[in-house]
Amino acid sequence: MPPKTSIPEFQHLLSSSSSPHTTPKILALCGAGLSAASGLPTFRGTGGLWRNHEPTSLATPTAFLKDPALVWLFYAWRKHMALNARPNNGHWALAELGRKLMMMTNADGEGGGGGAGGVGGRFLCLTQNVDGLHQRASHPESTLRLLHGSILDMRCFDCDYIQRNNLSDPICPALAPASSSSSSTSSSPLLDPSIPIPEIDISELPHCPECKTSLLRPGVVWFGEALDNDMLDEVDDWIEKEDEKIDFMLVIGTAAVVYPAAGYVGEARERGAVVVVVNPDEDAGAGLGDGDFFFRASADEVLPLLFEPIIGKPEEYVK
Ligand code: OAD
């Protein structure tokens with residue numbers, strides 16, 4: 001039997017797992033598709049190539065060591081795009097869900113509404129996105145974890161220096177060519193693979209102000225690198241908390257092929273979760289069971305509808 005596709009049926013199940021004394025426990029895993037409706041390119045599939053490069057081939061320490069200027073131009077361009085994009089209704093709906101479930105948790109006396117800096121409440125949104133759009137949609141901090149870091153952070157390639165929330169665009173004069181296009185589809189010399197990339201000397205790239213020797217690099221997790229251990233422990237504690245059931249596992253706009261992120265889907269399923277995939281790609285529904293849901297649509301359109309019984313209509317969200 002194929003997965004279910006009916007929004008009313010999902011809403012009914014959601015309502016039946018909520019009562020004045022219980023709040024559903026929901027885990028979400030988000031990926032680049034959530035930001036597609038904001039005009040940001042995904043990593044895989046249509047429009048995924050950047051100057052004939054697979055983005056995933058640039059997201060490695062080896063690529064940075066080999067050609068730091070190329071990798072910096074790629075990330076400076078993604079940062080420029082992210083700063084010029086706006087959160088869409090998918091981001092806003094998830095942020096509102098975080099707020100509403102936190103209020104419901106506090107009201108029904110289950111506690112865990114999220115203490116200072118900790119993960120709290122019955123909703124946890126794990127995002128692989130580094131674009132900052134969740135935060136700009138005012139997603140409550142205690143219900144959001146950035147699995148792959150943030151494109152707005154810069155850190156030293158060698159020492160522990162990290163600079164958070166750097167909004168400079170361009171990042172430095174040498175990276176200005178990355179800040180010249182106005183959208184991911186508009187033409188810019190940087191995006192035209194037939195035009196050689198500008199020559200940039202390593203001395204012109206951002207350097208660490210602390211050790212004063214090494215290059216700064218984007219504050220994102222690259223392939224082959226470990227995710228933040230403390231964050232992973234927090235997530236595990238939330239998942240395993242009091243051996244509770246997880247009611248829903250939302251898989252939103254992600255190909256769910258990158259680990260450890262993708263592994264959370266199986267963990268949630270083992271804890272009883274109904275898996276809910278939101279993705280326009282037919283293949284994203286592979287492996288779903290008849291108790292699961294597959295919404296083959298854009299996240300910005302479907303998320304507000306799925307959770308309307310809890311979060312109300314977009315015009316009612318706290319913005
Ligand atoms: P991918 O580019 O692999 O997948 C994006 C998914 O979004 C695809 O399954 C698309 O079908 C789907 N999609 C496209 N438009 C959508 C829309 N409007 N609404 C919903 N879904 C849509 O991106 P991620 O899964 O995020 O990691 O990639 C995971 C990680 O791999 C990234 O964080 C990055 C990447 O390489 C690192 O850099 C370490």
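Which loop holds Glu199, and between which two strands does this loop lie? The legends below start there and then move on through this predicted model.

**View 1. Glu199 sits in the loop between β5 and β6.** This loop runs between β5 (162-163) and β6 (216-220). Glu199 has a relative accessible area of 79%, so the residue counts as exposed. Look also for Leu70 in this view: Glu199 and Leu70 are 129 residues apart along the chain, yet their C-alpha atoms are separated by 9.5 Å.

**View 2. A cis peptide bond joins Asp169 and Pro170.** Here omega is about 5°. Pro170 belongs to the loop between β5 and β6, the loop that also holds Glu199.

**View 3. The ligand takes up the largest pocket.** There are 23 residues around the ligand, and Ala32, Phe43, Arg44, Thr254 and Asn279 come nearest. The shell is made up of eleven nonpolar, ten polar and two charged residues.

**View 4. Oxygen atoms of the ligand meet polar atoms of the protein, including one in the side chain of His148.** In His148, a side-chain N or O atom is 2.8 Å from a ligand oxygen. Which part of Gly253 faces a ligand oxygen, side chain or backbone? A polar backbone atom of Gly253 does, at 3.1 Å. For Ala255, too, a polar backbone atom is 3.1 Å from an oxygen of the ligand. On its own the ligand has 790 Å² of accessible area, and the protein covers 90% of that.

**View 5. Asn88 lies in the loop between α4 and α5.** The helices on either side are α4 (68-84) and α5 (89-107). Is Asn88 buried or exposed? Its relative accessible area is 8%, under the 20% cut-off, so Asn88 is buried. If you follow the side chain of Asn88, you will find that it reaches the backbone nitrogen of Gly90 at 2.7 Å.

**View 6. The loop between α7 and β7 holds both Asp247 and Glu242.** The flanking elements are α7 (229-240) and β7 (248-252). Asp247 counts as buried because its relative accessibility is 13%. The side chain of Asp247 makes a polar contact of 3.4 Å with the side chain of Lys245. Glu242, by contrast, counts as exposed, with a relative accessibility of 67%. Take a look at the backbone of Glu242 as well: phi is about 50°, a positive value, although the residue is not a glycine.

**View 7. Arg51 has a positive phi in the loop between β1 and α2.** The loop is bounded by β1 (26-30) and α2 (55-58). Phi of Arg51 is near 50°, and this residue is not a glycine. Why does Arg51 count as buried? The reason is its relative accessibility of 11%, which is under the 20% limit.

**View 8. Tyr259 and Pro260 are joined by a cis peptide bond.** For this bond, omega is about 10°. Pro260 is found in the loop between β7 and α8 (263-270). You may like to set this view beside View 2, where the cis bond joins Asp169 and Pro170.

Definitions and conventions
Residues numbered from 1 in each chain as written. Predicted model: local features only at pLDDT ≥ 70, side-chain atom pairs only at ≥ 80, totals over all residues. Heavy atoms only, no water. Near = heavy atom within 4 Å. Polar contact = N/O pair within 3.5 Å; in protein donor to acceptor, adjacent residues only side chain to side chain. Areas by Shrake-Rupley, 256 points an atom, 1.4 Å probe, with all protein chains shown as cover. 1 Å grid on protein atoms, 1.4 Å probe; cavity = no way out; pocket = protein on both sides within 12 Å on 5 of 7 lines; lining within 4 Å. Sits in = over half its atoms within 2 Å of the grid points. Nonpolar A, V, L, I, M, F, W, Y, C, P; charged D, E, K, R; others polar. Helix = DSSP H or I, 4+ residues; strand = E, 2+ residues; numbered from the N terminus. Buried < 20%, exposed > 50% of the residue type's maximum accessible area, 1.4 Å probe, protein only.
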